[in-house]
Amino acid sequence: MSPSEKMQFQLTLRRRGISDRSVLKAMDDVPRELFVTPPDREHAYRDIALGIACGQTISQPFVVGYMTEQLQVKPDHRVLEIGTGSGYQAAILSRLCRDVVSIERYRTLADRARIVLADLGYGNVEVIAGDGFDIPANLGTFDRIIVTAAMEEVPQALLSRLDPDGILIAPVGPHTGSQMLMRFKRSGDAFQPQELLGVRFVPALKGVAREL
Ligand code: SAH
């Protein structure tokens with residue numbers, strides 16, 4: 001990316017309200033062009049969602065920045081992402097916390113993301129091909145959970161994977177049209193919901209994808 005593109009990218013994020021310095025730095029550091037398909041590389045630093053393999057999308061940079069900021073990730077945190085897609089959101093998180101576990105139902109996407117993340121030397125991300133609605137028990141619980149696909153509702157089983165004082169962010173609503181980005185904060189056994197922003201995500205579907 002050229003220095004002027006880089007400056008423009010940061011300016012756009014700031015203008016849209018992203019102010020957390022560590023989030024802005026992570027977005028400055030991670031080369032988004034490596035996560036989009038080659039024909040889209042020239043558009044990698046525009047504030048738009050782009051298509052990736054398997055009919056999925058890499059979110060608009062503002063939404064990535066916003067969700068990351070709202071997640072309030074700390075350096076000692078272990079974070080779960082559901083919906084690896086390109087691996088870009090996982091890459092951003094990996095710059096801000098101790099460990100990221102990211103689950104993707106398309107094996108093709110999981111395999112690709114794993115390679116891009118490894119090539120960049122982001123060794124604290126584990127990409128798992130699997131179903132975010134059926135998370136292996138041995139993965140334990142997390143300080144933060146981010147869902148990057150639309151859920152009609154957030155299953156209690158997923159909320160229960162939050163540590164005490166944990167935060168989960170997910171787009172909640174119908175699979176077609178728009179959803180509400182929701183934030184759930186755990187205190188004891190209660191989960192305090194908060195509406196954040198209207199968004200549009202591809203659907204979270206149950207089960208591992210049958211096609212590659
Ligand atoms: N965070 C991604 C973009 C996510 S697009 C990025 O930064 O590029 C949403 C992704 O969620 C898609 O790749 C889709 O296949 C995946 N997905 C949908 N339902 C899922 C499920 N039940 N478990 C895991 N991944 C799922």
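Let's start in helix α5, where D111 and R114 sit three residues apart, so about one helical turn separates them. Residues three or four places apart in an α-helix point the same way, because each turn takes 3.6 residues. Here the two side chains form a salt bridge, with the closest N and O atoms 2.9 Å apart. D111 is partly exposed at 30% relative accessibility, and R114 is also partly exposed, at 35%. Keep in mind as we go that this is a predicted model.

Stay in α5, which covers residues 107-119, and look at L109. This leucine is buried, with a relative accessible area of just 3%. Setting aside residues up to four places away in sequence, L109 touches I52, A53, C54, Q56, G85 and E104. For a sense of scale, the C-alpha atoms of L109 and A26 are 22 Å apart, with their positions 83 residues apart in sequence.

One of those neighbours of L109 is C54, which brings us to the cysteines. C54 is partly exposed, at 26% relative accessible area, while C97 counts as buried at 7%. As for disulfides, the count is zero.

Back to charges: the structure holds five salt bridges, and the one in α5 has a counterpart in helix α2. There K25 and D29 lie four residues apart, about one turn of the helix, and their side chains meet in a salt bridge at 2.7 Å, N to O. D29 is partly exposed, with a relative accessible area of 39%.

Another salt bridge, between D47 and R16, has an N to O distance of 3.7 Å. D47 belongs to the loop between α2 and β1 and R16 to the loop between α1 (3-15) and α2, so this pair ties together parts that are 31 residues apart in sequence. Both ends are partly exposed: D47 has 21% relative accessibility and R16 has 45%.

Now for an arginine that goes without such a partner. R32 sits in the loop between α2 (21-29) and β1 (50-51). R32 is buried but makes no salt bridge, and the nearest side chain of opposite charge, that of D47, is 6.8 Å away. What the R32 side chain does reach is the backbone oxygen of A44, at 2.6 Å. Not counting residues up to four places away in sequence, its contacts include H43, Y45, R46, I48, I58, P61 and Y88.

P61, one of the residues R32 touches, also belongs to helix α3, residues 61-71. How many residues of this helix are buried? Eleven of the eleven, so α3 is largely enclosed by the rest of the structure. The buried set takes in hydrophobic-looking names and polar ones alike if you read along it, among them F62, V63, Y66, T68, E69 and Q70. Just after α3, Q72 takes a positive phi of about 50°.Another arginine to look at is R78, in strand β3 (residues 78-82). A polar atom of the R78 side chain lies 2.8 Å from the backbone oxygen of L139. Leaving aside neighbours within four places in sequence, R78 is in contact with residues including R98, D99, V101, T141, F142 and D143. The cysteine C97 comes back here too: R78 and C97 are 19 residues apart in sequence, and their C-alpha atoms are 6.6 Å apart.

Next, take S94 in helix α4, which spans residues 88-94. S94 counts as buried, at 4% relative accessibility. The side chains of S94 and R95 are joined by a polar contact of 3.1 Å. Beyond its neighbours within four places in sequence, S94 is in contact with V100, Y122, N124 and V125.

The tour ends with strands β7, β8 and β9. β7 (residues 162-172) and β8 (residues 179-187) pair in the antiparallel sense over six bridges, and A170 stands opposite M182 in β8. Six residues lie between these two strands in their hairpin, where G173 takes a positive phi near 155°. β8 also runs antiparallel to β9 (residues 190-199), joined to it by nine bridges. Across that pairing, L181 stands opposite L197 in β9. The hairpin of β8 and β9 has two residues between the strands, and G188 takes a positive phi near 65° there.

Terms used:
Residues are numbered from 1 along each chain as its sequence is written. This is a predicted model: local features need pLDDT of at least 70, side-chain atom pairs count only at pLDDT 80 or more; totals for chains, interfaces and linings use all residues. Side-chain values use heavy atoms; hydrogens and water are left out. Buried means under 20% relative accessible area, exposed over 50%, partly exposed in between (1.4 Å probe, protein chains only). Lys and Arg count as positive and Asp and Glu as negative; His and the chain ends are not counted. A salt bridge is a side-chain nitrogen of Lys or Arg within 4 Å of a carboxyl oxygen of Asp or Glu. A polar contact is a pair of N or O atoms within 3.5 Å; within protein, one must be able to donate a hydrogen and the other to accept it, and residues adjacent in sequence count only if both atoms are side-chain atoms. Contact means heavy atoms within 4.5 Å. A disulfide is a pair of cysteine sulfur atoms within 2.5 Å. Two strands pair if DSSP finds at least two bridges between them.
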